[in-house]
Amino acid sequence: MHNILGYLAGGIGHLFLLVGFSGFVTWYALDAWRAQSEVENMLLIGPVSGLVLIVMVGIAIGLIREMMQGVSGPGRAAPQIDPAVPAPDSPDADTLSGRYGAVLSAGFLGVYVVSMPLIGFDIATAVFVAANMVLQGERNVLLIVFFSALVAILPVLAIEHLLSVPVPTMLLP
């Protein structure tokens, strides 16, 4: 098993992930087109799908270049077998985020999904974003409040006013 993880760490594993994501985005866009090819349905899905595929192609080109050169790239360390676990000598190994960041973030995501219908999309999103910013080491309270509010408000306004889809909220109308 260790040998398989060694091969999938880094470039090849990332390429497989990109292929999977690209396949999903392509399937989703084509399925939406088949369901209803009207401009109203494809107004958001089409451009976003195209942009995502363009970004993924750019990332894939970069990964292929790195693999062909046989290096990890300038200023980048060689990939570890398990990047979720920090190296014992890294400065992040002794922090809460360094040791349990992925697990805590996944737990926050679960709480976020469950709490959305209870406390509203706006409040749940703001709390989720703020908690993850603190977990990642951000300490500027003004930045946390501003960015959390921005990320909570803009999607609600876009979904409700541009797409005319009601979103359960607590503070926003």
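**Entry 1: I54**

I began with I54 and asked whether this residue is buried or exposed. I54 counts as exposed, because its relative accessibility is 60% and the cut-off for exposed is over 50%. I noted that the model is a predicted one. Next I looked up which helix holds I54. I54 lies in α3. I also checked I54 against S22, which sits 32 residues away along the chain. Their C-alpha atoms are 9.7 Å apart.

**Entry 2: the whole chain**

I then stepped back to the protein. I found 6 helices and 0 strands. Read from the N terminus, the order is α-α-α-α-α-α. The protein has 173 residues, and 23% of them are buried. I looked up the accessible surface too. It comes to about 12300 Å². Carbon and sulfur atoms hold 73% of that surface. Then I turned to contacts with a separation of 6 or more. Of these, 48% join residues 24 or more positions apart.

**Entry 3: the cores**

Which residues form the largest nonpolar core? I listed 11 of them: Y112, F121, A124, F128, V129, A130, M133, I144, V156, V167 and L172. Two elements, α5 (121-135) and α6, each give two or more residues to this core. The largest share comes from α5, with 6 residues. Another core, of 5 residues, lies apart from this one. Its members include L15, M56, A60 and L63. I wrote a general reminder beside these lists: in soluble globular proteins, nonpolar side chains tend to be buried together.

I picked M133 from the largest core for a further look. What does M133 touch, leaving out residues up to four places away in sequence? I found E138, L143, I144, F147 and S148. One of these, I144, is also a member of the largest core.

**Entry 4: the second largest pocket**

Last, I went looking for empty space. Rolling a probe the size of a water molecule over the atoms shows where such space is left. I looked up the second largest pocket, and its volume is about 180 Å³. Which residues line this pocket? They are E40, N41, L43, L44, I45, A158, I159, L162 and L163. By type, the lining divides into 7 nonpolar residues, 1 polar and 1 charged. I then asked which helices supply at least two lining residues each. These are α3 (39-69) and α6 (141-162). The largest share, 5 residues, comes from α3. That took me back to my starting point, since I54 lies in α3 as well.

Notes: Residues numbered from 1 in each chain as written. Predicted model: local features only at pLDDT ≥ 70, side-chain atom pairs only at ≥ 80, totals over all residues. Heavy atoms only, no water. 1 Å grid on protein atoms, 1.4 Å probe; cavity = no way out; pocket = protein on both sides within 12 Å on 5 of 7 lines; lining within 4 Å. Points joined across faces, edges and corners; volume = space filled by probe spheres on them. Helix = DSSP H or I, 4+ residues; strand = E, 2+ residues; numbered from the N terminus. Nonpolar A, V, L, I, M, F, W, Y, C, P; charged D, E, K, R; others polar. Buried < 20%, exposed > 50% of the residue type's maximum accessible area, 1.4 Å probe, protein only. Contact = heavy atoms within 4.5 Å. Areas by Shrake-Rupley, 256 points an atom, 1.4 Å probe, with all protein chains shown as cover. Core = buried A, V, L, I, M, F, W, Y, C linked by side-chain atoms within 4.5 Å.
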